[in-house]
Amino acid sequence: MSKHVGFIGLGAMGTPMAERLLNDGYTLTIFDVNAAVAQALAAKGAHVAASPQAVADAVETVLISLPTPDIVKQVTTGPAGLIHGSKVKTVVDLSTTGSSMAQWVHAALAVKGVEFVDSPVSGGRGGAIAGTLAVMVSSQTATYEQLTPILKNIGKLFFIGDKPGMAQTMKLANNLLSAAAMAATSEAIGMGVKAGLDPSIMIDVINAGSGMSTASRDKFPRAILPRKFDYGFTTALMYKDVRLCMQESQDLGVSMPVANAVRDMWQKTNDDFGGDQDFTNIIRVVEQSMGVEVKGKA
Ligand code: NAD
């Protein structure tokens, strides 16, 4: 398979993933509405295209890492979208968009003979930099084999199934757990601080005990206890993921009361502290309601 691929959406996740491909000897044709991030990658050897269509005119395989389902729809099927490109055969969506959007885009691109592969990732910006993401793929099996040399650069691959949207469902299940762990850990630590416990000791105990999660292991020590709020994932994206999960539960006709409560807490974080802020701000919702401050030892 050609070592020339396209990459669209060079944000917190896209740039480190694209850099890993450059480092593996891939030639990249890139596009981002933010010219500055595209230029930063051009300085490392990538070719900047003028639109998604121009990327799809240049390469057979295009990877995209975009913030919302609507933007994925626009970049793939809108004016100057990938669908109008002359060369593209496969579009790999690394974004979190939900299974219904994946199915919709898959059907739209299939009309033009282009396969849309949903391949959301988990593991955060740190995982994107290190190439240790969990990469969930739903596609035809032959396509999965063709994509493996490319995708193995960004993490560990999991073939989820051959129906469009299956990998998105997997991703939403994973992120519900991540979102719930942040919400529940925030509440538990807030309660302890209200009772006079030291939050640093609480986190140490939880990490040695049965309450451990990525919230207690990574997010609290790195971004909440030192009051940095800079983990690298926005509240808007976490809130989006939980809403997509609720949409999924409605589509499937299943009730998910825990997910409902988790969604409410992320909605409040989004409304009170801003969607563009780091998602570790969820602790401030608890602090506000309990009248505490969760601050670790210096
Ligand atoms: P981001 O906002 O940092 O980056 C998105 C990039 O897309 C930006 O550079 C933006 O300029 C670009 N963009 C927006 N509209 C565009 C358009 N119309 N055409 C071309 N480029 C456009 O987001 P991110 O954190 O990198 O997340 C990307 C996706 O990956 C999201 O779907 C997110 O849910 C998912 N994700 C993020 C993380 C994380 O930790 N940040 C982890 C796993 C999955």
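**Close-up 1. The surroundings of E60 and its partner K89 in the predicted model.** E60 is partly exposed in this predicted structure, with a relative accessible area of 35%, and K89, at a relative accessible area of 48%, is likewise described as partly exposed. The two residues form a salt bridge in which the closest N and O atoms are 3.4 Å apart. K89 belongs to the loop between helix 4 (69–77) and strand 5 (90–93), while E60 belongs to the loop between helix 3 (52–58) and strand 4 (61–64), so the pair ties together parts that are 29 residues apart in sequence. Side chains of opposite charge can pair when their charged atoms come close.

**Close-up 2. Further salt bridges in the model, among them those of R217 and R263.** The count of salt bridges in this model comes to 10. In one of them the side chains of R217 and D218 meet, with a distance of 2.9 Å from N to O, and R217 counts as partly exposed at 46% relative accessibility. In another, R263 is paired with D264, and here the closest N and O atoms are 3.4 Å apart. R263 is partly exposed, with a relative accessible area of 22%, and D264 is partly exposed too, with a value of 43%. Salt bridges that share partners also join R227, E287 and E293 into one network.

**Close-up 3. A cluster of aromatic rings built from Y231, F233, W266 and F279.** The model holds 4 aromatic pairs by count. One of these pairs is formed by Y231 and F279, whose rings are tilted, with 5.9 Å from centre to centre and 55° between the planes. Because Y231 lies in the loop between helix 10 (214–224) and helix 11 (235–252), and F279 in the loop between helix 12 (257–273) and helix 13 (282–290), this pair ties together parts that are 48 residues apart in sequence. Both Y231 and F279 are buried. F279 also forms a pair with W266, and these two rings are stacked, lying 6.1 Å apart centre to centre with 15° between the planes. W266 sits in helix 12 and F279 in the loop between helix 12 and helix 13, so that their pairing ties together parts that are 13 residues apart in sequence. Like F279, W266 is buried. Ring pairs link these two residues with Y231 and F233 into the cluster named in the title.

**Close-up 4. Charged side chains over the aromatic rings of W104 and Y239.** K73 lies over the face of W104, at 4.5 Å from the ring centre. A second arrangement of this kind involves R243, which lies over the face of Y239 at 4.2 Å from the ring centre.

**Close-up 5. S99 and the residues that it contacts.** S99 lies in helix 5, which covers residues 99–110, and it is buried, with a relative accessible area of 8%. Its side chain makes a polar contact with the side chain of E248, at a distance of 2.9 Å. When neighbours within four places in sequence are left aside, S99 is in contact with G165, Q168 and T169 as well as with E248.

Conventions. Residues are numbered from 1 along each chain as its sequence is written. This is a predicted model: local features need pLDDT of at least 70, side-chain atom pairs count only at pLDDT 80 or more; totals for chains, interfaces and linings use all residues. Side-chain values use heavy atoms; hydrogens and water are left out. Rings of Phe, Tyr and Trp (its six-membered ring) pair if their centres lie within 6.5 Å; planes under 30 degrees apart count as stacked, over 60 as edge-to-face and the rest as tilted. Helices (H or I, at least four residues) and strands (E, at least two) are DSSP runs, numbered from the N terminus. Buried means under 20% relative accessible area, exposed over 50%, partly exposed in between (1.4 Å probe, protein chains only). A charge sits over a ring if NZ of Lys or CZ of Arg is within 6 Å of the ring centre and within 35 degrees of the ring normal. A salt bridge is a side-chain nitrogen of Lys or Arg within 4 Å of a carboxyl oxygen of Asp or Glu. A polar contact is a pair of N or O atoms within 3.5 Å; within protein, one must be able to donate a hydrogen and the other to accept it, and residues adjacent in sequence count only if both atoms are side-chain atoms. Contact means heavy atoms within 4.5 Å.
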